[in-house]
Amino acid sequence: MQPMVGRNYVGGEWLAPRSDFPSTNPANLDEAVGHFPGSTAAEANQAVDAARTAFPAWRRTSRIHRADCFDRLAKLIDRDTDALARLMARECGKNILECRAEVVEGLHMVQYVFGTGRMPVGDIIASEIPEKDAFVLRKPWGVAAVITPWNFPFAVPLWMLGPSLLEGNTTVFKPSEDTPAVGQRLVELFVEAGFPKGTINLVHGDAVAGEALVKNRGVNVVLFTGSYDVGKRIQQVSADFPDRIVAAEMGGKNAVIVCDDARFDLAVTAGILSGFKTTGQRCVSASRILVHESLIDRYAARFVEVAKRLKFGDPLDPANFAGPLIHEDHRKKVDGYNRLARQEGVQVLLDAEPAAGGRGCYLPPFVYRTEAKPGLRVIREEVFGPHVALVPFGTDEEAVRIANDTEYGLSMAVISESYRKLRYFRDECEFGMGYANLPCIGAEVHLPFGGVKRSGNGHPSAAALADTVTHRVAWTVNHGTEIKMAQGLTAEV
Ligand code: NAD
């Protein structure tokens, strides 16, 4: 297949690249998926200018017409689902079945946005003066910079671009430098769907382009999803712009809690899916399975038996369970955590040899058992790979203490047949997305997606993002012929 040639899209024009970087297939480092512009700060700033220019006309466009653009986009995504999934599998190494599910998730977001176009946009509130009506409505902020990670290169941008554009903001999208081809195709579909020029702008590149967007005073909202370190940096830079909104969705160190009354097979499946789907590279992946001490020996034996059977291989082969890690540096980082676990004195239960052959960034599952000792880094830091700790606990209170003993708070799952236990863990654990008798992965777009502590700063994504990309205004109208003031204030002059 011919490598793609990427371009920035600014103010309705595809621009000739001035420099380029390759995007490679993590399952085969000899295959270039394409070449994309490594944008400079000046190029990023040009895109913000284009978005600013387009903002007044777009915010005045009928909300229904803005929503109609998403109806056309939905049809195009539906048309191209298989091609998009294949491109994603080649570029980010996720298994084709997961890639397909992600395209469908992106489609659901676009359908949700289209449907929302005809829903109420505010409230009418009574006044203490009978002749007055008060309205609460939402206005767009202006220009939203959308900076996204590689692991959900299609759905995550749509979680942010969708609500932003529907509400009347214009956007500059910077996809991850690890998945620019998927970002490029997504913007091509926006263009084909007829979004007016300047409403969506595309800037490829790495931290240089990303940071230029964040430093640009013309950006009113930064919508970021990615690692904690970058999210923190973006919030530090944005401290110079106190009138700006920054939504930062960041990493996780998630736990599945298996109680003594758990359905055993369900608990094993929930643990395996949470730990190893997407090769452990979901923000909501669980790298900690807390298991009641009465079950831990049996659970560990079955968990390892199932983990050994999982096939990690060619992302385009649906018979495989998962694929490689995103790139060689990340493979080394996860391998470093596997070595750190040994240094920290855990009991290693599974450390398989990588499958032979190929130039892919493969790393097989690493499973170990450990007590939750104070200061153990591997059970507190995000690893983002197929690296799972099995941790025994005695009481429910102890399980909560271990689950919360990390600086992250994104997702969790509890496996129990007792409604009292389910409620206890729901109320005591620190998380944004919780699951009962399920894996701790599996978002749906009409639910808020976000976390607490180092996982998020309180602006959940997907459907919930409408609150972040708009500000509420109160609008009070007098239907009477004279002025009457609230709180008994006199209107005499
Ligand atoms: P990353 O933080 O390395 O990069 C994310 C984006 O930020 C990229 O587009 C990158 O180019 C850009 N960037 C880097 N430095 C920047 C800077 N100084 N200023 C502005 N932009 C900058 O993350 P990644 O490796 O692509 O993704 C993995 C991480 O994302 C994991 O930590 C994962 O948990 C997290 N994640 C979180 C969620 C969530 O919703 N909470 C979802 C998916 C992934």
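This passage walks through a sheet, the helices packed on it, one covered helix and the nonpolar cores of a predicted model.

A good place to start is the open sheet, which is built from seven strands. Reading across, the strands come in the order 15-16-17-14-13-19-20, and their pairing is mixed. The two ends of that row are strand 15 (347–351) and strand 20 (433–436); each has just a single partner strand, so one side of each is left without a neighbour in the sheet. Going from one strand to the next, the twist averages 20°.

Inside this sheet, strand 14 (residues 286–292) and strand 17 (residues 387–393) run parallel and are joined by five bridges. In this pairing, Leu290 stands opposite Val391 of strand 17. As general background, strands of a sheet pair through backbone hydrogen bonds, and they can do so in either a parallel or an antiparallel way.

Two helices lie across these strands. Helix 10 (residues 296–309) crosses strand 13 (254–258), strand 14, strand 15, strand 16 (366–369) and strand 17, and its direction makes an angle of about 165° with strand 17. Helix 12 (residues 396–404), for its part, lies across strands 13, 14 and 17, at about 150° to strand 17.

Helix 6 (residues 180–193) is worth a look of its own. From its first C-alpha to its last, this 14-residue helix reaches 20 Å, close to the 20 Å expected at 1.5 Å a residue. Helix 6 is also mostly covered, with eleven of its 14 residues buried. Among the buried ones are Pro180, Gly183, Gln184 and Arg185, along with Leu186, Leu189 and Phe190. Right after the helix comes Gly194, which has a positive phi, near 90°.

Phe190 of helix 6 turns up again in the largest nonpolar core, which holds 98 residues. There, Phe190 is one of the residues that touch the most other members, in the company of Leu73, Ile77, Phe195, Val258, Phe276 and Tyr299. Helix 5 (residues 155–166) supplies the largest share of this core, eight residues. Both domain 1 (4–250 + 456–475) and domain 2 (254–436) contribute to it, with at least three residues from each.

Phe195 gives a closer view of the packing. Leaving aside residues up to four places away in sequence, Phe195 touches Trp58, Cys69, Phe70, Leu73, Leu165, Phe190 and Ile200. Apart from the largest core lies another one, of 29 residues, including Tyr337, Ile379, Val383 and Ala399.

Notes. Residues numbered from 1 in each chain as written. Predicted model: local features only at pLDDT ≥ 70, side-chain atom pairs only at ≥ 80, totals over all residues. Heavy atoms only, no water. Pairing = 2+ DSSP bridges. Helix = DSSP H or I, 4+ residues; strand = E, 2+ residues; numbered from the N terminus. Axes fitted to C-alpha atoms, helices over the stretch in contact; angles between N-to-C directions. Contact = heavy atoms within 4.5 Å. Expected span 1.5 Å × (residues − 1). Buried < 20%, exposed > 50% of the residue type's maximum accessible area, 1.4 Å probe, protein only. Core = buried A, V, L, I, M, F, W, Y, C linked by side-chain atoms within 4.5 Å. Domains from an automatic or database assignment.
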